[in-house]
Amino acid sequence: MLMLSLAAKSLANRRGVALLTVFSIAVSVLLFLGVEKIRQGARDSFFNAIAGTDVMIGPRSGEVPLLLNAVFHVGGGDEIAWSSFAEIAKRTDLAWSVPLGLGDEHRGFTVLGTTPAYFERYKYRVDRQLAFAAGAAFADLFDAVLGADAAASLGLRVGDTLALQHLSADAGAPARPLSFRVSGILANTGTPVDRTIHISLAAREALRRAASAATAPSLDELRRADLTPTTISAAFAGMKSVIGVFGFQRFVNQYAGEPLMAVLPGVALAGLWSITEAVETALAAISAMVVVTALVAMTNTILSTLNARRREMAILRAVGARPSHIFALLASEAAGLAIAGTLVGVGALYLALWLLAAPIERLAGLSLPLTAPGEAELAMFAAIVIAGFLAGLIPALRAYFTSLGDGIVVRT
């Protein structure tokens with residue numbers, strides 16, 4: 001206890017240098033833990049982009065391409081017949097199914113054809129359900145529901161109109177736009193839903209009819225027409241019992257009508273996320289090197305002050321302090337600086353999370369929950385403190401082997 005008290009008084013006497021050292025360690029700890037928090041938040045947000053869906057059904061294109069198309073609205077290509085989906089949807093082991101029709105966009109925003117059940121069944125962040133910030137789901141053929149980002153970027157509100165058209169495969173054939181009324185705007189989710197314009201499957205078929213007809217049909221003609229879709233891009237489905245998911249997957253993969261595949265979202269997400277492992281490792285390595293740099297700076301600071309403290313060390317030795325006491329003093333100072341820097345860095349991190357977590361989730365869709373440190377974080381804290389203590393052993397050993405006369409003899 002005497003050494004700890006002496007170390008505290010010594011650091012207080014050199015508080016300027018000590019505060020700078022604590023600040024450098026705190027900044028490095030803040031950066032290190034902040035990168036870890038962001039990395040974990042990005043991972044959790046990615047894996048929770050879709051939840052509550054047991055199986056995704058689509059063309060036999062591969063797990064990752066199907067995931068990218070159905071969930072993240074990237075890519076596209078082959079579609080599946082509506083008749084195939086209708087037959088599969090009749091299976092008694094399915095609790096629900098939601099078809100998805102993709103392939104069109106409006107000013108960079110995905111146009112998704114689906115059913116009203118989509119707004120009830122699509123979940124994210126484990127158990128969050130889509131909520132309407134204004135309006136309601138589409139009830140009319142030419143109603144559209146906008147994601148939060150789409151509505152904000154396009155400057156649209158409930159009751160406004162927007163013109164949508166099918167992206168014809170024939171680039172030279174202009175497609176006739178159809179006017180849609182905004183019936184609802186979804187609350188922010190931080191998922192691809194925010195950048196999506198939702199219409200009914202019948203409306204999607206109407207867009208295609210208007211684009212392919214030699215004579216553009218009127219809106220009344222489209223309302224009277226049979227707009228049952230011929231194809232869809234994919235479908236989400238939920239099982240009555242998770243026990244039957246693998247049997248259902250095998251049935252879809254062996255479906256005789258056309259080449260289909262059923263994908264478990266969790267498995268596909270893990271496969272896609274594995275592509276970023278190298279980036280994760282690089283980020284972790286960079287943030288760890290920042291901590292190492294701060295600890296090296298602390299060691300260098302203590303070493304650089306040893307020469308100025310030669311007389312202090314000699315006086316301590318003269319009044320009876322042993323080399324082991326000097327060693328313990330400097331080691332205690334290093335440990336104290338490491339502990340103080342870590343505590344300040346952790347405090348700054350949680351203050352930043354408290355202030356910025358909600359705006360970051362709203363603007364970037366990144367979930368950074370303000371939770372108590374887990375076992376992994378506590379292990380990081382302990383590792384940083386231990387590393388700081390070990391770094392302080394270098395100047396402590398140097399002082400240990402310094403003779404009593406080194407501080408008394410005046411050098412010229």
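**Strand pairing, cores and helix packing in the predicted model**

In strand E4, Thr110 is the bridge partner of Glu105. The coordinates described here are those of a predicted model. This bridge belongs to the pairing of strand E3, which covers residues 94–106, with E4, and that pairing is antiparallel and extends over 4 bridges. The two strands form a hairpin in which 2 residues lie between them. Strand E4 also pairs with strand E11, residues 196–200; here the strands run parallel and are joined by 5 bridges. In this second pairing, Val111 stands opposite Ile197 of E11.

Strand E4 itself spans residues 109–114 and is mostly covered, with 6 of its 6 residues buried. Its residues point in two directions: Phe109, Val111 and Gly113 one way, and Thr110, Leu112 and Thr114 the other way. Residues of both sets are buried.

The turn of the E3–E4 hairpin contains Arg107. Most residues other than glycine have a negative phi. Arg107 is not a glycine, yet its phi is positive, at about 55 degrees. The relative accessible area of Arg107 is 67%, and the residue is therefore exposed, the cut-off being over 50%. A positive phi, near 55 degrees, is also found at His73, again a residue other than glycine. His73 lies in the loop between helix H3 and strand E2, the latter formed by residues 80–81. Its relative accessibility is 17%, so His73 counts as buried, for which the limit is under 20%.

Strand E13 is a further covered strand. Because 6 of the 6 residues of E13 are buried, the strand is largely enclosed by the rest of the structure. Ala234, Phe236 and Gly238 occupy one side of E13, and Ala235, Ala237 and Met239 the other; both faces are covered. Two antiparallel pairings involve this strand. Strand E1, residues 55–59, is joined to E13 by 3 bridges and runs antiparallel to it. Strand E3 pairs with E13 in the antiparallel sense over 6 bridges. Phe236 of E13 stands opposite Met56, and Val98 also stands opposite Phe236.

Phe236 and Met56 appear again in the largest nonpolar core, which has 30 residues. Within this core, the residues that touch the most other members are Met56, Val71, Leu100, Tyr118, Tyr122, Leu130 and Phe236. At least two core residues are supplied by each of helix H3 (63–70), strand E3, helix H5 (117–121), strand E13 (234–239), strand E14 (260–263) and helix H10 (265–273). Tyr118 is in contact with Val98, Leu100, Leu112, Leu130, Val193, His198 and Phe236, residues up to four places away in sequence being left out. A second core, separate from this one, has 24 residues, among them Leu146, Leu154, Leu178 and Leu207.

Two of the helices that supply residues to the largest core, H3 and H10, also pack against each other, at an angle of about 100 degrees and with their axes 9 Å apart. Angles of 65 to 115 degrees count as roughly perpendicular, and the two helices H3 and H10 therefore fall in that class. On the H3 side the contact is made by Glu63, Val64, Leu67 and Leu68, and on the H10 side by Val267, Ala268, Leu269 and Leu272. The contact of H3 with H10 contains 7 nonpolar residues, no polar residues and 1 charged residue.

Elsewhere, Ser367 is located in the loop between helix H13, residues 323–364, and helix H14, residues 375–400. The relative accessible area of Ser367 is 16%, so the residue is buried. Its contacts, not counting residues up to four places away in sequence, are with Gly41, Ser45 and Arg125. Ser367 and Phe46 are 321 residues apart in sequence, while the C-alpha to C-alpha separation is 9.6 Å.

For the chain as a whole, the secondary structure comes to 15 helices and 14 strands. The chain has 412 residues, of which 44% are buried. Of the contacts between residues at least 6 apart in sequence, 77% join residues at least 24 apart.

Key
Residues numbered from 1 in each chain as written. Predicted model: local features only at pLDDT ≥ 70, side-chain atom pairs only at ≥ 80, totals over all residues. Heavy atoms only, no water. Buried < 20%, exposed > 50% of the residue type's maximum accessible area, 1.4 Å probe, protein only. Pairing = 2+ DSSP bridges. Core = buried A, V, L, I, M, F, W, Y, C linked by side-chain atoms within 4.5 Å. Contact = heavy atoms within 4.5 Å. Axes fitted to C-alpha atoms, helices over the stretch in contact; angles between N-to-C directions. Parallel < 35°, antiparallel > 145°, perpendicular 65-115°, else oblique. Nonpolar A, V, L, I, M, F, W, Y, C, P; charged D, E, K, R; others polar.
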